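Hi,

Here is the structure I promised to pass on. Have a look at it first, and my notes come right after.

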Amino acid sequence: MGNFKDSARRVLISMLSVLVVFSLFLPGASAENAENSETHKLAIMGTTDIHAHIMPYDYMEDVEDETIGLSKVYSVVEEIREQYDHSLLIDNGDMIQGSILGDIEATVNPREDGGSTIIDVMNFMGYDAAALGNHEFNFGLDLLDRFVDQSEFTWLGGNIYNVGTDEHRYDPYVLIDQEIDGEELTVGVLGFVPPQIMIWDRVHLEGNVYVNEIVETAEELIPQIKAEGADVIVVAAHSGFDLSENASENASYQLSQLDGVDALITGHQHYTFPNDTDRYGDMEGADVEKGTLNGTPTVMPGAWGSHLGLIELELEFNDGEWSVVGGFANAIETADYDSHEAVEQIIMERHLETVEYVNSPVGETVNELNTFFSRVMDNEVVQLVNDAQLDFAESRFEGTEYEGMPLLSAAAPFRAGRGGPGYFTDVRGDIAIKDVADLYIYPNTIHVVKVDGNDLRGWLEESARAFFQIDPEAAEDQYLTDMDFRGYNFDTIEGAEYLIDVTRPEGERIVSLTYNGEPVEDDAEYLVVTNNYRASGGGGHIADAESAEIVYSGTEENREVLIDYIREQGTIEVEVTNNWSIVPFEAEGRILFQSSPEGADYINRAGVEGISFAEIDTNGWGVYEYHTEEMEFVDFDPSLKGKNALVALYKAGLIDSPDKDFPPAKHINRGNGNPDPGSGNNRGKGNSNR
């Protein structure tokens, strides 16, 4: 895998990079500045959200992928270092988790010395500092501490404090000295993590650390780091962009407005700033040509090693002081660079081990398991996960005080378009480990939480935010699914039966909710099998997660539970229960949604009703029309199960609901992206970036 391009092409790229990457790519650079002997350039390189993708390889597909990989990033890093006399390399978090290689490093087959080959790579690449990301905490503090001790660079957690002592658990910042023309330049680098890690990884963090808000902590630390001699301040925030006043998880926009921040590396959202002009071209304060945000050179270099962020600062030294007189930023795509052989040599043994592991057989499936239409109807992939989780919980609770309690299970379609039209699960025939990782991509652990009927309804209302509000009387096209609402937050709860009325406003969409055909009462108690992320409050589905009673918090990974379930059966044939559906409505215009273009053929193969293929849009999405009028109706029959029974019960007025009188729905479309569902910003607490 050493070289993916021939030598002639490589030479051409190197020649063009000098002319393009460092002139056209940095608008505003002038000959006058270049000739000014008192002007110096500092290159700040940034990576983010690598997620343990070291090789250019997609382990779930078991194929090479030349658009990703830290080994390709390093080829760009070497080229940048050749062009600049003075440079820094900083990671912005979410490095050690996210691919199956990362799981092998942490849980499947950890090294005997407790170390990480990923950290070996980072040490070799010469990182100067790394901010902690939220996923650094997924495997617990003990493992993270071992990795931190192994690192030859400084890990930064400016807003993370030890419980009891109120001291920083990790270095809040680091001062890095460079000599430029005989003068010492001190660069201060600060790192921040989303405070929401206290929710997402509560099981590991509660009682050990606490996390303060990003911006208020930065306001405290910037004067401190200046007082200690920093001439230039670089902020590495594992945080994206949220322009609202109460931004917390994604607070980088507000950081760009702070005095004293000279350069800003962002991430967490897996987007690309400033290159994504469609997304950021109209964002207030953004100059996508210069790569500045509110005047601050800012970069978000994608994810998985797709880009290397580059910020160039122009510096002047006058009267014994350094000052920043200019700056530009861009994210350099790595696809046209070779995978670096030296990095490959370090990671190769782990890589080959991972490839062998992902091809280990588990079982086989009779029917296709895909998530093409998982956002609009009950789905085989989610059904399989729920079946496995229920089977596990029933076994664990046998003979305990919880045996016989109403048992439900929550699961979501993880690969359902977040990464674009190709980011969908599609498993057929033989099932290997890589396929299970496709079905369940996160290393979550099994949790069971006790909720009451009111909590259950709120949980489903949060999931129902995945839909735009539809106006049936509108003649124009309307999109049904909000693709900026993360698929992993669209929970289906098996064991309950419910209807979602998408013509209603958010918070009023669950118009029927039953358990075993009986209305769910507010004070009734249920056990819900889920994962640590959701049970700890991730996604905002549990209204008061901090006080919620977790009756089981096992160390078993949900993925391992799924593997055991499939192995036990050998051959699986998933039967979808259709325990939920969208309330049918008649619409004047077309009701559309986006999914994989491959769903078009699946409609014919599987005989999918109520959905037809419309077109492929300019971004490569398959566009489908949702036909509610084609959904099957039957007369009420109490013996019926699933969607037909629910529809009949609802239409017959025999199912209770939170709104017994059913007033006319307010047909108001939200104005945040319905005509173009793939272009909006993330919305609220339900869209945390995992």
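Below is what I found, going from the nonpolar cores to one asparagine and then to a pair of helices.

Keep in mind that this is a predicted model.

The cores first. The largest nonpolar core contains 96 residues. Leu70, Ile80, Phe137, Leu369, Leu384, Phe397 and Leu562 have the most contacts inside it. Helix 13 (residues 380-397) supplies the largest share of this core, with nine residues. If you want a place to start looking, try Leu369: leaving out residues up to four places away in sequence, Leu369 touches Glu380, Val381 and Leu384, and its other partners include Thr425, Ile431, Leu439, Ile572 and Val574. Apart from the largest core there is another one, of 46 residues, with Val376, Phe424, Val449 and Ala548 among them.

Next, Asn123, which sits in helix 5 (residues 117-125). Its relative accessibility is 15%, so Asn123 counts as buried, the cut-off being under 20%. A polar atom of the Asn123 side chain lies 2.8 Å from the backbone nitrogen of Glu152. Beyond its neighbours within four places in sequence, Asn123 is in contact with Gln150, Ser151, Glu152 and Phe153.

Last, the helix pair. How do helix 4 (residues 100-108) and helix 12 (residues 341-358) cross? Their axes come within 9 Å and cross at roughly 95 degrees, so helix 4 and helix 12 are roughly perpendicular to each other. On the helix 4 side the contact includes Ile100, Leu101 and Ile104, and on the helix 12 side it includes Ile347, Arg350 and Tyr357. The residues of this contact divide into seven nonpolar, two polar and three charged.

Cheers

How values were computed
Residues are numbered from 1 along each chain as its sequence is written. This is a predicted model: local features need pLDDT of at least 70, side-chain atom pairs count only at pLDDT 80 or more; totals for chains, interfaces and linings use all residues. Side-chain values use heavy atoms; hydrogens and water are left out. A nonpolar core is a set of buried Ala, Val, Leu, Ile, Met, Phe, Trp, Tyr and Cys residues joined through side-chain atoms within 4.5 Å. Buried means under 20% relative accessible area, exposed over 50%, partly exposed in between (1.4 Å probe, protein chains only). Helices (H or I, at least four residues) and strands (E, at least two) are DSSP runs, numbered from the N terminus. Contact means heavy atoms within 4.5 Å. A polar contact is a pair of N or O atoms within 3.5 Å; within protein, one must be able to donate a hydrogen and the other to accept it, and residues adjacent in sequence count only if both atoms are side-chain atoms. Axes are lines fitted to C-alpha atoms, for helices over the stretch in contact, and angles run from 0 to 180 degrees between N-to-C directions. Angles under 35 degrees count as roughly parallel, over 145 as roughly antiparallel, 65 to 115 as roughly perpendicular and the rest as oblique. Ala, Val, Leu, Ile, Met, Phe, Trp, Tyr, Cys and Pro count as nonpolar, Asp, Glu, Lys and Arg as charged, and the others, Gly among them, as polar.
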